[in-house]
Amino acid sequence: MPAPRSSPPPWQLYFLLPLLHFASLKLTFLAAVTPEKEVVVWLPNAVLLAALLRYQGQRAWAMAALTFSSDVLANLPVFGLQGAVLLSLVNLTEVALAFALMRRMRASMGLHSFRDFGRFIVAGPVVAALFASLLAAAVLQHIHATSTPYLTLVRLWWFGDGLGLLIYTPLLLSLSSAFAPPPGSIRFKLQDGLVLLISLGLAAMVFSAHGGEIRGVSATPDLLLPSVLYIAVHFGVRGTVLAVALVSWATSWVLTAGQQPFGAVDVHLEIVRAQEFILTLCTVGIGFAILLAELKAHERELEDKVRARTQQLETSNTQLAALSATDGLTGIANRRRFDEVLASAWGRASRSHQSVALVLLDVDYFKKYNDHYGHLAGDDCLRHTAQVLAAQFRRAGDLVARYGGEEFVLLSEGPTAAEALQIAEAVRQALQDLALPHVGSPLGVLTASLGVALLVPGPDVAMGSLVQLADRALYQAKAQGRNQVVLASTIPSPDPAGVPA
């Protein structure tokens with residue numbers, strides 16, 4: 001999947017790019033070139049490569065022209081016009097080849113993964129820098145007629161350019177959003193402060209030592225590698241590339257100052273050792289930091305997926321719970337849900353000594369309705385009845401449910417007997433006013449009979465008594481001619497057997 005295209009370079013970049021490139025040239029000549037004119041680390045090419053990677057090659061010709069002009073201007077006093085132009089063309093070729101190879105290998109322009117970092121090393125410090133060194137060595141021998149062997153020139157240019165790309169390209173990218181840590185991912189602790197103070201003290205001791213020793217004890221820059229690894233673990237890629245750049249620059253500076261940080265050895269061997277150390281520092285430190293960042297990103301992605309999946313499961317469980325508590329035909333609560341709510345309401349009323357009211361409704365002559373109009377019409381009849389009940393019974397905490405067949409229940413907490421009768425009568429009247437035709441009913445429209453029961457829970461009052469009373473009241477209403485409401489407390493306990501449906 002291709003990376004989203006970045007925004008074009010801002011106009012300020014066209015002023016900053018040549019200035020930064022020129023400054024990196026001067027910094028290289030100041031702190032990374034030995035008195036023998038050998039370059040330890042060549043920085044400027046990383047400036048253009050980082051800009052190309054950051055903006056994905058947009059306005060590449062303009063950026064190349066600016067850095068080429070800066071390169072020629074800085075090299076002119078050292079190599080003359082012809083040499084400055086040729087060597088600047090070599091540098092430009094190196095950067096263009098590195099960028100083209102990275103695009104060819106489909107590497108992330110921000111070096112977001114360990115694999116992309118490996119591709120960057122192959123494309124830039126290895127292949128592009130080597131190709132440029134072959135050209136540059138030929139140019140140098142042609143211009144200066146130097147006695148230095150061609151392969152030696154190739155090695156010096158290759159290592160210096162390769163290390164410059166390896167160190168400062170990630171550093172410059174880190175100043176953008178490429179390596180920006182996620183919010184809250186880095187927390188500075190007291191332990192981190194102590195380790196950094198110790199590391200600074202160690203660095204001061206190492207870089208102030210002469211000949212790589214302090215009173216006979218070895219004190220080479222290799223001692224700083226554990227500190228860089230600690231920074232990689234605790235401060236992410238951005239902190240690591242900054243630490244690597246500072247250590248590399250300090251190593252080059254003390255080397256060019258003649259302090260021999262790797263011992264009293266030949267200058268050429270010392271440069272090789274310094275470059276080996278910087279190479280190890282970069283590949284291990286930056287590579288380890290990118291690998292950790294990638295693992296943390298995968299961990300966050302996995303956590304997000306688990307969180308999303310958990311939320312989906314919770315939503316599914318909620319939906320399943322709702323479905324298990326809902327009557328599939330009418331869409332209101334089912335018998336199971338009614339039993340659960342009744343038990344909860346009975347417990348609350350028992351503690352608060354409030355009443356619980358139950359209205360049991362039965363559609364009059366429903367069997368005849370089904371026989372005459374058919375079962376599909378019978379289903380529609382039950383849906384209309386449920387809608388009427390839901391519309392009339394809206395008080396918070398109350399419940400309307402299908403009890404079974406053509407029977408429905410209405411449960412309410414805390415009403416008086418008069419209020420319960422009023423609710424039931426409103427339901428009966430609303431259903432009758434609906435005026436659904438029913439040829440099997442003496443009234444010619446759909447009606448219902450309702451039984452109302454009201455109890456206050458107590459030690460001697462069982463929950464089942466409420467349902468039994470409502471059921472007796474319902475059968476009493478049917479026995480008295482249907483389409484009416486009967487309160488259980490006003491009737492005896494009849495035998496409902498033989499009452500027709």
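## Close-up views of selected contacts

**View 1. R336 and E340 are joined by a salt bridge, at 3.7 Å from N to O.** A salt bridge is counted when a side-chain nitrogen of Lys or Arg lies within 4 Å of a carboxyl oxygen of Asp or Glu. The structure is a predicted model, in which local features need pLDDT of at least 70 and side-chain atom pairs count only at pLDDT 80 or more, while totals for chains, interfaces and linings use all residues. Residues are numbered from 1 along each chain as its sequence is written, and side-chain values use heavy atoms, with hydrogens and water left out. R336 and E340 are four residues apart in helix α9, which means that about one helical turn separates them. An α-helix has 3.6 residues a turn, so residues three or four places apart point the same way. E340 is partly exposed, at 36% relative accessible area (buried is under 20%, exposed over 50% and partly exposed in between, with a 1.4 Å probe and protein chains only). R337 joins R336 and E340 in a network of salt bridges.

**View 2. A salt bridge links R348 to E413, with the closest N and O atoms 2.4 Å apart.** R348 belongs to helix α9 and E413 to strand β5 (residues 407-413), so this pair ties together parts that are 65 residues apart in sequence. Helices (H or I, at least four residues) and strands (E, at least two) are DSSP runs, numbered from the N terminus. Both ends of the bridge are partly exposed: R348 has a relative accessibility of 37%, and E413 has a relative accessible area of 22%.

**View 3. E301 and K305 form a salt bridge within helix α8 (residues 267-324).** The closest N and O atoms of E301 and K305 are 3.6 Å apart. E301 and K305 are four residues apart in the helix, or about one helical turn. E301 is partly exposed, with a relative accessible area of 39%, whereas K305 is exposed, at 52%. The structure holds twelve salt bridges.

**View 4. Helix α9 (residues 335-352) packs with helix α13 (residues 463-479) at an angle of about 115°.** The axes of α9 and α13 are 10 Å apart; axes are lines fitted to C-alpha atoms, for helices over the stretch in contact, and angles run from 0 to 180 degrees between N-to-C directions. On the α9 side, L342, A343 and W346 meet M463, L466 and V467 of α13, where contact means heavy atoms within 4.5 Å. The contact residues comprise six nonpolar, no polar and no charged (Ala, Val, Leu, Ile, Met, Phe, Trp, Tyr, Cys and Pro count as nonpolar, Asp, Glu, Lys and Arg as charged, and the others, Gly among them, as polar).

**View 5. Helix α10 (residues 366-373) has F366, Y369 and N370 as buried residues.** These residues cover an arc of only 95° around the axis, which puts them on the same side of α10; the arc is that of the directions from the helix axis to the C-beta atoms. The buried residues of α10 pack against β3 (356-363) and α11 (375-392). On the face turned away from the buried side, α10 carries the exposed residues K367 and D371. G374, just after α10, takes a positive phi of about 95°.

**View 6. L140 is a residue of helix α4 (residues 114-144).** With a relative accessibility of 14%, L140 counts as buried. L140 and L153 are 13 residues apart along the chain, and their C-alpha atoms are separated by 8.2 Å.
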